[in-house]
Amino acid sequence: MMIPYEYRYKGRGKRQCRICGARRAVIRSHNLYICRRCFREVAPKINFKKYG
Ligand SMILES: [Zn+2]
């Protein structure tokens, strides 16, 4: 249901997109930890269609 690689990616500490690795505009308010660009792609998959 969620994104495959959850917490195993990059461990913890650094906040960056776990999809593309970007560290700008990373959304972490919903434990997403993905950037805005990737967010728009995965948004429909995680029932998050209201953004942007
Ligand atoms: Zn990204």
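What share of the contacts in the protein chain with a separation of 6 or more comes from residues 24 or more positions apart? I looked this up at the start, keeping in mind that the model is predicted, and found that such residues account for 5% of those contacts.

**Overall layout.** I then went through the secondary structure, which comes to one helix and two strands, and I noted that the elements run β-β-α from the N terminus on. For burial, I recorded that 15% of the 52 residues in the protein chain are buried.

**The core.** I looked next for the largest nonpolar core and found seven residues in it, namely C17, L32, Y33, I34, C35, C38 and F39. Two elements give two or more residues to this core, β2 (34-35) and α1 (36-42). I followed I34 from there and, leaving aside its neighbours within four places in sequence, listed its contacts as C17, R18, I19, V26, I27, F39 and V42.

**Positive phi.** I checked the backbone at A25, which is not a glycine and yet has a positive phi of about 55°; A25 is found in the segment before β1 (26-27). I counted 11 other C-beta atoms within 10 Å of A25, and since the cut-off for an exposed residue is 12 or fewer, I entered A25 as exposed.

Y33, also not a glycine, has a positive phi of about 55°, and I placed Y33 in the loop between β1 and β2. Is Y33 buried or exposed? I counted 23 other C-beta atoms within 10 Å, and because 20 or more are needed for burial, I entered Y33 as buried, having already listed Y33 in the largest nonpolar core.

How values were computed
Residues numbered from 1 in each chain as written. Predicted model: local features only at pLDDT ≥ 70, side-chain atom pairs only at ≥ 80, totals over all residues. Core = buried A, V, L, I, M, F, W, Y, C linked by C-beta atoms within 7 Å. Helix = DSSP H or I, 4+ residues; strand = E, 2+ residues; numbered from the N terminus. Contact = placed C-beta atoms within 7 Å.
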